[in-house]
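Colleague: I have a model open and I'd like to learn how to read it properly. Could you take me through some features, one at a time?

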Amino acid sequence: MISREFRILFWVLCVHLVGIYLFTKGFLLTRLALPDRNADTCTSLATHKKAVLLVIDALRFDFITEHPPEPASPFHHNILTLPRELTAAHPDRSFIFNAYSDPPTTTLQRLKGITTGSLPTFVDAGENFGGSAIHEDSIMHQLNAAGSKIALAGDDTWLTLFPDAFQSNMTFAFDSFNVEDLHTVDQGVIDNLLPLMRHHRNSWHFAIGHGLGVDHAGHRVGPDHPVLREKLEQMNILLHDVVAAMDDDTLLIMLGDHGMDKMGNHGGDNVLETMSALWIYSKVPLSLPEYTIPEAILPAITFPGTPVPHRHVQQIDLVPTISLLLGLPIPFNNLGTVIPELFNRDSDGSSLQKAMELNAAQIRRYLDTYRSSSSGKELDPAWHDFSLAWDGIDATEGNHRLIALDNFTRLALSACRILWAQFNVFLMGAGLAVIGLSILAGWALYSKLRDITDVEWEKWVDDKVWWSFSASAVGFAIGYLTHVVLHEYLDGVAMHQTMLFAAAISSSFVMIVTTRPTITLESIKTLPIFLILHTLCFASNSFTVWEDRIVLFFLISSIVPSVITGFTAPTSRLRYRILGFSALFAICVRLMAMSTVCREEQHPYCTVTFYASESSSAPPLIALLLAFPVAIAVPRVVRRILEISKSDSGLAVTFIPLLFAPSLIAGTMFWMLEWVDSAQVLGDMGDVLRVTRTVLARTTAAVMLIGGLSVWWTSPVCLAISKSQASKASTQENIEVTVLGFANAFGSPYLMFWLIFFSIVWLMTQLSGQIVLGLSSIALLSYLEIIDSVRDVHSLNNSFTSPNASPQLANTNPNPDLLFSEIVPLALLATHTYYSTGHQSTFSSIQWKSAFILGKTLSFPFSHISVTINTFGSFFLGALAVPLIVLWNLPPLPLSPSRPRPNALRAALAISLYFAVLAFGAAACGAVLRRHLMVWKIFAPRYLGAGFGLLVVDVGVLVGVGVGVGTIGAEIGRVFGSVRGVDGSN
């Protein structure tokens, strides 16, 4: 039967999920893709009958420029040299550009851009692992409409986007998500594209080659590695062969879909991620020197570290350019501008002017159509500027007309970039209302549950569960009727969203009303200052950027009250325990902070230590040296802590040495083998090492999740019970029962439960992160001992001041009321662990390697789950550990006022409240600052992190309190009988 704790926490999860969903739908909307097709064909500007589009994934601009950053890297500069050699020899037919790739810089979104000419939105990044077909107008659709035959060799993402565009006998697609495979896709391009060009020239009109080796090398080893040099050399040879196989009717376009950052990753808007290479080459001249193009329409930009600026274009400028060069209509939704150099064919610039006029007319037609659509109001703020720019075209001639045309197309692009950061205020407000009211409801439950007696709490919780879900059902009906009546006024709000909002609001409101918490001045004074300050940080972009440092300060500061208590402890034993474990806690936390991954905004005041360097994804030497010692030490530390309360018996005797310790060794071994493979320490043994570590990872996960949970479920207690003859002198036979582990009867078995999931997170975490996790686990155990000792101090102090001291002294370890301040360090520790395991609130910090732990290719849902565990595992472990605050060193005494289950429920509500307040703060600040310059770079990613973190915390307490605590309570009740407060009834 499902426990009542599980039911009430499930309700909390559902309400939070509704609030986050509604706010996210209002905050991160996608743009409207118009279904119209452009049919205006202009063949007079066409120069070629065929084209080869060669995409070298993640080819950054400095990889091909003749002026690389100084000092030049021997691993990726001056290697792919053919483009600059031909540009120097034939400047009228060879052109190199620094192309801006609109973020998110993920392959699927960039392919959308270079085929449709449209802009992505922030939320589109999530589609990179599961995109859908493109239905809006694109070059591919225009080629098909013209009867052109399209060939493909390489990345199978193209088939996802255009499943019916390619000729079946000329389609050679390869898996795009096997990051560890550096060669198969590139070799597939070489083996299939070149024969098409050499021997089947008349069977195709548009050939696409998309290699992934450069991108995969960046992800695997970073840009400063010999492997990347080998891949660039291979691509240079491929370019030589492609150029040699071209005829005069073929146009070559080589580009990187995006760049890569110093670590070799991409996905965000870092300048190194958005500056991609673009090279266009023809064997016949495209540009004549007789006409000088106005400098105003030829912008230049300087790549970081390079000595000279270089010609700069938007990557989507390819769309109108290629379309006109091939005699195709420009795709209807295009916002790119033709590249002027490729239409400079006349002494008077007439061809260029005609191309720009066609381009401007197409964009104007698109804007007019968009404004007449259901989303047309989005363009109202910029429409006056559009009209002035359009009218200004007819008032000019010559070069000024070219400048006016360019101004109009660029104004449309820049305005749409801003306007498509669109927001639905209704949904944002609804989401904030749901999250805010859920915080009040959670606080009401947390506060009132303290005052409910042991006898009444089960019935009380049952009543709350019934009222909450009944109110949700009524809310669904009210939401349906409200939407039917008021749908004309609910712009952009779907019926199911109205129903979800009404259900969540009504159930939260009923929860607050039926609970009726008592608000006193004392309760207001106990509001956690660290939670308030932490939430206020999100109102500042600087504080948000440096949140990792702020959390470290808060975490160390949060144990200061315990240290002060330690100095005033009535006994030397308690004093040494509190001060000693506080010192150990602080040391572990400070050592964790030595592991850092830096945001772009933190430079130059931050140094990457999580990896070997800023330009490498390999582990640092210190991690390689310490990984196995830490993996060996953690189980020993756990065993040593349990020895304090004699709880290293029962399940702990077998579980720790036979399951937990080997699982940590196996998890570390996996990442050691990954490093050996990436660094090619053993030469070319990639396949053997890949199979070995895949089997190791799958076996470890299966053994812990199936075997570990089965062993724990069968006999979770960590007790050793022995019987002996009490006295031989007595005629009456007395049996003395000795129970080792009695003092920690609740906490020790729950720790075993927690260690099962800890081992899974360990497996999904890279070597540097495993060391951090080890330190975090020691910090957690230290904090539990601190809390237990502080409670003993308070208990003794109360005993000394009580008028009836003797009964109080007989029981110095009751389970007092849980304080919210006791939960705060645990929440901060979870957040600190998140940052110290190599994460930041940025897309580029996502550790994509973890997607391939359980297999060499991307597989749903295992890859998605492993990335989620790698990213948010610290929050799950923190939430899962929160019952230990209540259960640690809690004996099942018959006369003690122990109430583990209701107090565990309060602890779960408390940590959920902490992260709910953070999510509300991040959402509110994101809403208020939605027009801030840094909204998509700082505030939106932090909101997403807070939202996902809250949901993970809710799942963690659901598993911990809803499953773990109830099972342990039932087993302890079975072992010791019907003792007050320990029975496991539901």
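Modeller: Sure, we'll go from the overall fold to the central sheet and then to some local details. Keep in mind throughout that this is a predicted model.

Colleague: Where do I start with the fold as a whole? How many helices and strands does the chain have?

Modeller: Start with the secondary structure count: 33 helices and 11 strands. Next, hold the radius of gyration against the globule rule: the chain comes out at 32 Å, close to the 30 Å given for 986 residues, so it is as compact as a globular protein of that length. The C-alpha trace spans about 120 × 70 × 50 Å along its principal axes.

Colleague: What share of the residues is buried?

Modeller: Buried residues make up 60% of the 986. As for contacts between residues at least 6 apart in sequence, 78% of them join residues at least 24 apart. The chain exposes about 37400 Å², and 63% of that comes from carbon and sulfur atoms.

Colleague: And the charges? How many positive and negative side chains are there?

Modeller: The chain carries 63 positive and 79 negative ones, with the centres of the two sets 8 Å apart.

Colleague: On to the sheet. In what order do its strands come?

Modeller: Read across the sheet, not along the sequence. Here nine strands form an open sheet with mixed pairing, in the order β4-β3-β5-β1-β6-β7-β2-β9-β8. The edges are β4 (171–174) and β8 (300–301); each has a single partner strand, so one side of each is left without a neighbour in the sheet.

Colleague: Which strands pair with β6, and in what sense?

Modeller: Strand β1 (residues 50–56) runs parallel to β6, joined by six bridges, and A51 has L251 as its bridge partner. With β7 (residues 275–282), β6 pairs in the antiparallel sense over five bridges; there, M254 is matched with W279. Elsewhere in the sheet, β2 (residues 94–100) and β9 (residues 310–314) run parallel with three bridges, one pair being A99 and V313.

Colleague: How do I read the two faces of a strand?

Modeller: In a regular strand the side chains alternate between the two faces of the sheet. Take β6: T250, L252 and M254 are on one side, L251, I253 and L255 on the other, and all are buried. Six of the six residues of β6 are buried, so the strand is largely enclosed by the rest of the structure.

Colleague: What about single residues in helices? Is R942 buried or exposed?

Modeller: R942 is buried, at 8% relative accessible area, because the cut-off for buried is under 20%. It sits in helix α33 (residues 935–976) and touches F538, T544, E547, Y835, S841 and A922, leaving aside residues up to four places away in sequence. By contrast, A586 in helix α22 (residues 572–592) is partly exposed at 22%.

Colleague: Which backbone angles should catch my eye?

Modeller: Most residues other than glycine have a negative phi, and most peptide bonds are trans. One departure is A58, with a positive phi of about 65 degrees; A58 is in the loop between β1 and α2 (82–89) and is buried at 0% relative accessibility. N889 has phi near 55 degrees, lies in the loop between α31 (884–887) and α32 (900–928), and is buried at 9%.

Colleague: Where are the cis peptide bonds?

Modeller: One joins H603 and P604, with omega about 5 degrees; P604 is in the loop between α22 and α23 (621–644). Another joins F860 and P861, also with omega about 5 degrees, and P861 belongs to the loop between α29 (820–836) and α30 (862–881).

Methods:
Residues are numbered from 1 along each chain as its sequence is written. This is a predicted model: local features need pLDDT of at least 70, side-chain atom pairs count only at pLDDT 80 or more; totals for chains, interfaces and linings use all residues. Side-chain values use heavy atoms; hydrogens and water are left out. Helices (H or I, at least four residues) and strands (E, at least two) are DSSP runs, numbered from the N terminus. The radius of gyration is taken over C-alpha atoms; the globule rule is 2.2 Å times the number of residues to the power 0.38. Buried means under 20% relative accessible area, exposed over 50%, partly exposed in between (1.4 Å probe, protein chains only). Contact means heavy atoms within 4.5 Å. Accessible areas come from the Shrake-Rupley method with a 1.4 Å probe; for residues, only the protein chains shown count as cover. Lys and Arg count as positive and Asp and Glu as negative; His and the chain ends are not counted. The place of a charge is taken as NZ of Lys, CZ of Arg, CG of Asp or CD of Glu. Two strands pair if DSSP finds at least two bridges between them.
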